[in-house]
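Morning, everyone. I'll put the sequence and the structure up, and then walk through the sheet, the salt bridges and the cores.

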Amino acid sequence: MTSVLIVDDEPELRDVIGAGLGLVIQKLQVHEAVSGRDAMLKIQSLQLDLIICDVSMPNGSGHDVLTFLKESGSRIPIIIFTALTDKRCISSEYSGLRGIFDKRQFNQLLDSVEVFNGPSDDKLNLISTGTR
């Protein structure tokens, strides 16, 4: 089972991302967070294979999530999915950052996530096509 946390303050967008991921990932378990603060709580309690996170949200931003992941020593891959068009404003030394996509690049986001089935469990392979 591939476990993905979708972090965005827009419920409709969380639904669309989850549905899209369901088309490219077999055995998907979607978790949702409405803010950076909510995401940090869920990251501590869930076994996650991937995080897809917005940047601009109330009650904790995507920057806060990246900082939390780095400081906690996490290795969870994260993709930033944002309405910000200047991706240079997203800087992170977190090694798990796999890509940054504009919200208009939904198909590219889905294309960047490839799942393959291993002999005993699902494994997630991310192809980074976003701009770092």
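Start at Val4. Its bridge partner in strand S2 is Val30. Val4 belongs to the pairing of strand S1, residues 2-7, with S2, which is parallel and has 6 bridges. Two strands count as paired when DSSP finds at least two bridges between them. The strands themselves are DSSP runs of E, at least two residues, and helices are runs of H or I, at least four residues, numbered from the N terminus.

A word on the source. This is a predicted model, where local features need pLDDT of at least 70 and side-chain atom pairs count only at pLDDT 80 or more, while totals for chains, interfaces and linings use all residues. Residues are numbered from 1 along each chain as its sequence is written, and side-chain values use heavy atoms, with hydrogens and water left out.

Now the whole sheet. It is open, with 5 strands in the order S2-S1-S3-S4-S5, and the pairing is parallel. Which strands sit at the edges? Strand S2 (28-33) and strand S5 (97-102), each pairing on one side only. Neighbouring strands are turned by 20° against each other on average, direction ignored. For angles, axes are lines fitted to C-alpha atoms, for helices over the stretch in contact, and values run from 0 to 180 degrees between N-to-C directions.

Two helices pack on this sheet. Helix H1, residues 11-24, touches S1, S2, strand S3 (50-53) and strand S4 (78-82). Its direction makes about 165° with that of S2. Helix H3, residues 62-71, touches S3, S4 and S5, and makes about 170° with S4. Contact here means heavy atoms within 4.5 Å.

Stay with S4. On one side, S3 and S4 pair in parallel over 3 bridges. Ile51 has Ile78 of S4 as its bridge partner. S4 also runs parallel to S5, joined by 5 bridges. There, Thr82 stands opposite Asp102 of S5. S3, H3 and S4 make a right-handed β-α-β unit. Right-handed means that, with the strands pointing away from the viewer, the path from the first strand over the helix to the second runs clockwise.

Is S4 buried or exposed? 5 of its 5 residues are buried, so S4 is largely enclosed by the rest of the structure. Buried means under 20% relative accessible area, exposed over 50%, and partly exposed in between, with a 1.4 Å probe and protein chains only. Both faces are covered: Ile78, Ile80 and Thr82 on one side, Ile79 and Phe81 on the other.

Next, charges. How many salt bridges does a search of the whole structure find? The search finds 6. The criterion is a side-chain nitrogen of Lys or Arg within 4 Å of a carboxyl oxygen of Asp or Glu.

Take Asp8 and Lys103. Their closest N and O atoms are 2.9 Å apart. Asp8 lies in the loop between S1 and H1, and Lys103 in the loop between S5 and helix H4 (106-112), 95 residues apart. Both are buried.

Lys103 also meets Asp54, at 3.2 Å, N to O. Asp54 is in the loop between S3 and H3, 49 residues from Lys103. Asp54 counts as buried, at 4% relative accessibility. Shared partners join Asp8, Glu10, Asp54 and Lys103 into one salt-bridge network.

Another pair is Arg14 and Glu32, at 3.1 Å between the closest N and O atoms. This one links helix H1 to strand S2, 18 residues apart. Arg14 is buried, at 8%. Glu32 is partly exposed, at 29%.

Last, the cores. A nonpolar core is a set of buried Ala, Val, Leu, Ile, Met, Phe, Trp, Tyr and Cys residues joined through side-chain atoms within 4.5 Å. The largest has 21 residues, and Ile43, Ile51 and Ile78 have the most contacts inside it. S1, helix H2 (36-45), S3, H3, S4 and S5 each give two or more residues. H3 gives the largest share, 4 residues. Beyond its neighbours within four places in sequence, Ile43 touches residues including Leu5, Ile51, Val65 and Phe68. A separate core has 14 residues, among them Ile17, Ile25, Phe81 and Leu109.

To finish, the overall count. The protein has 4 helices and 7 strands. Of its 132 residues, 48% count as buried.
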